[in-house]
Amino acid sequence: MTQNNTNKLPRIEIDINERVLFEDNHLIIINKLAGEIVQGDKTGDFPLVEKVKNYLKEKYNKPGNVFCGLVHRIDRPVSGAVIFAKTSKALTRMNKIVQDRNITKTYWALVEKTPEQPEGRLVHFIKKNEALNKSIAINEEKKDYQRAELEYKVLGKSKNYTLLEISLLTGRHHQIRAQLAATGATIKGDLKYGAKRSNKDGSISLHAVRIQFQHPVNKENIILKAPILNGEFLKIVSQINS
């Protein structure tokens, strides 16, 4: 089966003001739809960062350019929480928080194979193939490969899929997708990494469900959960959790 054209995503559109998870004078955190690009790319599709700028410009009647700094990215077919900084000061401080790994990112993934252990840590060595925009994960350390670690826990199972909760310990290109595929637990819909079939909307069933960090200015402990907006994904998760 050929891979879906993600340029056609998302199949649904929800206004930014309905997807704001957190906003103050320093930060705005958005629940990204599967299929949205975070930054502009060769497709020319309108990116999330520009949607956020438009939202801020209209909400606060700002003349001219609006500052909106991207703190981190998630892949186009993935959904969930994305952090933007509203000031350069906040962006610099958030970049330091991310660089020092003082941020916890938790994902939910529907996978095609249940891991042998109900919870554990995966350690691989990853290298990005630029031509294919894909990462290869291997078990042994090798030159030009970066160490990649994540922790997972099985949350439940449906007839065909298993729901995993994943905590990233490193931040590599396509890390979760590549590591899970290397164990045979390919993410539902992820044709690039060997999934049996695509999702109807071209997404993959991976969602950035929770983030936790210390606010860069007021030092408050921020813990946010992003609800799943994809109907098929939500339906299966609801069945598992019922």
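A charge sits over a ring if NZ of Lys or CZ of Arg is within 6 Å of the ring centre and within 35 degrees of the ring normal. Keep that handy for the first exercise.

A few ground rules. This is a predicted model, where local features need pLDDT of at least 70 and side-chain atom pairs count only at pLDDT 80 or more, while totals for chains, interfaces and linings use all residues. Residues are numbered from 1 along each chain as its sequence is written, and side-chain values use heavy atoms, with hydrogens and water left out.

**Exercise 1. Find the ring under the charged end of Lys-134.**

Solution. Start at Lys-134 and go to Tyr-193: the charged end of the lysine sits over that ring, 5.4 Å from its centre. Next, look for rings that pair with each other, meaning that centres of Phe, Tyr or Trp rings (the six-membered one for Trp) lie within 6.5 Å; planes under 30 degrees apart would be stacked, over 60 edge-to-face, and the rest tilted. The search of the whole structure comes back with zero aromatic pairs.

**Exercise 2. Work out how strand 8 pairs with strand 6 and with strand 9.**

Solution. First, the terms: strands (E, at least two residues) and helices (H or I, at least four) are DSSP runs numbered from the N terminus, and two strands pair if DSSP finds at least two bridges between them.

Step one: strand 6 covers residues 119–129 and strand 8 covers residues 146–157, and they pair in the antiparallel sense over eight bridges. To check the register, find His-124, which stands opposite Ala-148 in strand 8.

Step two: strand 8 also pairs with strand 9 (residues 162–168), again antiparallel, over seven bridges. Here Gly-156 has Leu-163 in strand 9 as its bridge partner. Four residues lie between strands 8 and 9, which form a hairpin.

**Exercise 3. Track down the salt bridges of Glu-23 and Glu-151, and say how exposed the partners of Glu-23 and Glu-151 are.**

Solution. A salt bridge here is a side-chain nitrogen of Lys or Arg within 4 Å of a carboxyl oxygen of Asp or Glu. The whole structure holds 15 of them. For exposure, buried means under 20% relative accessible area, exposed over 50%, and partly exposed in between (1.4 Å probe, protein chains only).

Step one: Glu-23 bridges to Lys-86, with the closest N and O atoms 2.9 Å apart. That links distant parts of the chain, 63 residues apart: Glu-23 is in strand 1, and Lys-86 is in the loop between strand 4 (79–85) and helix 2 (88–99). Lys-86 counts as buried because its relative accessibility is 16%, whereas Glu-23, at 21%, is partly exposed.

Step two: Glu-151 bridges to Arg-121, with closest N and O atoms 2.9 Å apart. The partners are 30 residues apart, Glu-151 in strand 8 and Arg-121 in strand 6. Glu-151 is partly exposed at 33%, and Arg-121 is partly exposed at 48%. Widen the view and you get a salt-bridge network of Arg-121, Arg-147, Glu-149 and Glu-151.

**Exercise 4. Decide how confident the predictor is along the chain.**

Solution. pLDDT is the predictor's confidence in each residue, from 0 to 100. The chain mean is 92, and 95% of residues reach 70 or more. Now check residues 1–10: pLDDT stays under 50 there, and the model has 27 contacts (heavy atoms within 4.5 Å) beyond four places in sequence for this stretch.
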